[in-house]
Amino acid sequence: MEFLTTLGSIFEGLRITALVTACGMLYAVPFALVFGVLQYFTRGAAHTAVTAIIEFWRSSPVIILLFMLYYTLPNFGIVLSSVAVGAMALGLNIGGYGSQAVRAALQSLDRGQVEAGRALGMKRMQILVAIELPQAFAAMTPTFVNQFIQLVKGTALVSLIALTDMTFRAKQISQLEYAPARIYTALLVAYFIVCYPATIFGRWLERRVSAGQRGNREF
């Protein structure tokens with residue numbers, strides 16, 4: 001019973017964990033799509049600049065990004081809530097990894113399709129939106145689901161900027177009762193309960209997308 005009570009107390013922080021995850025996706029998905037496409041399209045100095053931006057967010061430790069945004073932005077008159085800071089740091093970091101999935105998926109496509117689109121009089125952006133991205137989506141799906149799960153797990157770090165997520169609740173409980181084995185095992189179980197359904201959904205979505213792609217090719 002003590003374990004279940006501890007688990008229930010930890011889940012009191014689920015709202016913050018879910019909120020940071022949802023807001024983080026609002027940063028991660030647009031960043032991944034925009035910068036993945038830009039890295040695919042650009043050449044020369046522009047390509048170098050896009051790659052540098054991606055690598056900054058992708059290669060920087062999330063904990064450093066959190067502290068940098070939380071403590072540095074107010075010096076420039078930009079005051080954000082802890083939720084916004086956590087979502088931005090985690091979302092842009094995950095978005096950096098996602099952008100590579102977008103770029104790789106686009107590069108894996110048969111270049112003949114671009115030429116076919118041009119032969120039909122389509123502009124390059126029309127070819128991207130109507131032909132390339134729909135096909136690349138199937139290759140992106142597993143990576144995007146994995147990045148979503150990484151984002152959920154990454155929210156454990158937002159407890160460092162005083163957000164009462166599940167990890168913060170575990171720390172609070174550990175200050176009241178010295179039972180680290182039970183408390184942190186319960187925290188591990190809590191994250192598993194949250195993440196495992198996302199894994200199941202991701203597998204289902206991957207099968208659906210793959211089946212749709214096969215159906216289109218057969219047609």
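I take buried as under 20% relative accessible area, exposed as over 50%, and partly exposed as in between (1.4 Å probe, protein chains only). The model is predicted, so I require pLDDT of at least 70 for local features and 80 or more for side-chain atom pairs, while totals for chains, interfaces and linings use all residues. Residues are numbered from 1 along each chain as its sequence is written, and side-chain values use heavy atoms, with hydrogens and water left out.

**Salt bridges**

I counted 6 salt bridges, each a side-chain nitrogen of Lys or Arg within 4 Å of a carboxyl oxygen of Asp or Glu. I looked up Glu-115 and found it partly exposed at 47%; its partner is Arg-118, at 3.4 Å from N to O. Arg-118 is partly exposed as well, at 44%. The two are 3 residues apart in helix α6 (residues 112–119), about one helical turn. Helices here are DSSP runs (H or I, at least four residues; strands are E, at least two), numbered from the N terminus.

In α3 I noted Arg-58 and Glu-55, with closest N and O atoms 2.9 Å apart. They too are separated by 3 residues, about one helical turn. Arg-124 pairs with Glu-132 at 2.7 Å, and Glu-132 is buried at 2%. Glu-2, Glu-177 and Arg-182 form a network of salt bridges.

**Cores**

I define a nonpolar core as a set of buried Ala, Val, Leu, Ile, Met, Phe, Trp, Tyr and Cys residues joined through side-chain atoms within 4.5 Å. The largest has 24 residues, and Val-20, Leu-66, Leu-69, Leu-90 and Leu-163 have the most contacts inside it. Two or more residues come from each of α2 (14–41), α3 (44–59), α4 (62–72) and α5 (82–107). The most come from α5, with 7 residues. Apart from this core I found another of 16 residues, including Ile-10 and Ile-183.

**Thr-155**

Thr-155 sits in the loop between α7 (124–154) and α8 (166–176) and is buried at 0%. A polar atom of its side chain lies 2.4 Å from the backbone oxygen of Val-152. Beyond four places in sequence, I list among its contacts (heavy atoms within 4.5 Å) Thr-17, Leu-90 and Tyr-191.

**Cysteines**

Why are there 0 disulfides? I apply a cut-off of 2.5 Å between cysteine sulfur atoms. The sulfur of Cys-23 is 17 Å from the closest cysteine sulfur, in Cys-195, which is too far for a bond. Cys-23 is partly exposed at 23%, whereas Cys-195 is buried at 8%.

Conventions: Polar contact = N/O pair within 3.5 Å; in protein donor to acceptor, adjacent residues only side chain to side chain.
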